[in-house]
Amino acid sequence: MLRNLLFSILLQVIITTAHHCVVAIGWTRSNESIDYLCGGTLITNDFILTAAHCVGDSDNISPDTVRIGDTDLGSPEDDEFAQQIAIARFIPHPQYRGSRRYFDIALVQLKEPATYTSAVCNACLWRELEIPSGPMDAIGFGATGFGEALSPTLQRAELNMIDMANCTKRITLSRRQMPDGFRTDQFCAVGNSMDTCEGDSGGPIGVKRLDVQGYVFALIVGVVSFGTPCSVGSTGVYSKVSQYADWIEQVTNTSFDYIGKS
């Protein structure tokens, strides 16, 4: 369930190529409106990486659609670049349990493949066990503050990893939800005046690199999982993608090795 695990992003509208792989995951309601409550990342033309707790909304209803290539969900101005695609399967990690905050990662299989365009491309996976040093970008459509409405406009936040000793001081752990404390497949990140918040669950945190031909590509380091209420000084917790690379490759039947990358 989403419950209080939905998160959001503070800061300016993203203008880099990283937004081309960001996906809004939606729930179609009886009046035909769509609530976009989670984020995700297109990693192949027919699979999206997201959080396992996005498997259902507060009523345990599963998402049924995704929006790709749209940077403003509230405006028709860039709709010519957008793709609306139905969900075929939501695949949580097999060890995920809704009562725990572990193994919070999932794959969404699309009913039809996305079309790669100037506005839509896939991201790569960060394969190293060590989190990259320096700032990372978190991207999504979430609220711009605690208790505020979700943003229709794609936003970014610049965050840095903190060590687990510091994270444990910032986040009160529930013995019921996290009986083993933090695991090695989780990491924490903070920003100076920004964070992930409600509505960004499942969205990416990552870095950008250059390939051997000089093109910028996105590497997804983590998936938004949970954190403290979003405000100045708040802390987010992320599922570490590299720890799940083998499972992702098995489900998608795709290799994510760094071929042609530097």
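Asp-185 and Arg-183 are joined by a salt bridge, and their closest N and O atoms are 3.1 Å apart. The model you're looking at is a predicted one, and it holds 10 salt bridges. Besides those, there's a six-strand barrel to find, plus one aromatic pair. Here's a quick tour, topic by topic.

**Around Arg-183**
- The two partners of this salt bridge sit in unlike surroundings: Asp-185 is buried, with a relative accessible area of 4%, whereas Arg-183 is partly exposed at 28%.
- Arg-183 also has a ring to deal with, since its charged end sits over Tyr-102, 5.7 Å from the ring centre.

**Other salt bridges**
- Glu-158 and Arg-156 meet through their side chains, at 3.7 Å from N to O.
- In that pair, Glu-158 is partly exposed, with a relative accessible area of 38%, but Arg-156 is buried at 13%.
- Both belong to a bigger picture: a network of salt bridges links Asp-137, Arg-156, Glu-158 and Lys-208.
- Over at Asp-35, the side chain meets that of Arg-29 in a salt bridge of 2.8 Å, N to O.
- Here Asp-35 is partly exposed, with a relative accessible area of 31%, and Arg-29 is partly exposed too, at 22%.

**Aromatic rings**
- The one aromatic pair is made by Phe-187 and Tyr-238, which are stacked with 5.4 Å between centres and 20° between planes.
- Phe-187 belongs to strand S10 (residues 186-190) and Tyr-238 to strand S13 (residues 236-240), so this pair ties together parts that lie 51 residues apart in sequence.
- You'll find both Phe-187 and Tyr-238 buried.
- Elsewhere, Arg-101 lies over the face of Phe-226, 4.3 Å from the ring centre.

**The barrel**
- To trace the barrel, follow its six strands in the order S1-S2-S3-S6-S5-S4, with antiparallel pairing.
- On average, neighbouring strands of this sheet are turned by 45° against each other, direction ignored.
- S1 (residues 22-28) and S2 (residues 34-44) make an antiparallel pair with seven bridges, and Val-23 stands opposite Gly-40 in S2.
- Helix H2 (residues 245-252) lies across S2, S3 (47-50), S5 (83-92) and S6 (106-110), running at about 20° to S6.

**A closer look at Thr-41**
- Thr-41 has its place in strand S2 and is buried, with a relative accessible area of 1%.
- Leaving aside neighbours within four places in sequence, the contacts of Thr-41 include Cys-21, Val-23, Phe-47, Ile-48 and Leu-49, along with Ala-123, Pro-204 and Ile-220.

Technical notes: Residues numbered from 1 in each chain as written. Predicted model: local features only at pLDDT ≥ 70, side-chain atom pairs only at ≥ 80, totals over all residues. Heavy atoms only, no water. Pairing = 2+ DSSP bridges. Helix = DSSP H or I, 4+ residues; strand = E, 2+ residues; numbered from the N terminus. Axes fitted to C-alpha atoms, helices over the stretch in contact; angles between N-to-C directions. Contact = heavy atoms within 4.5 Å. Buried < 20%, exposed > 50% of the residue type's maximum accessible area, 1.4 Å probe, protein only. Phe/Tyr/Trp six-rings, centres within 6.5 Å; stacked < 30°, edge-to-face > 60°. Lys NZ or Arg CZ within 6 Å of the ring centre and 35° of its normal. Salt bridge = Lys/Arg side-chain N within 4 Å of Asp/Glu carboxyl O.
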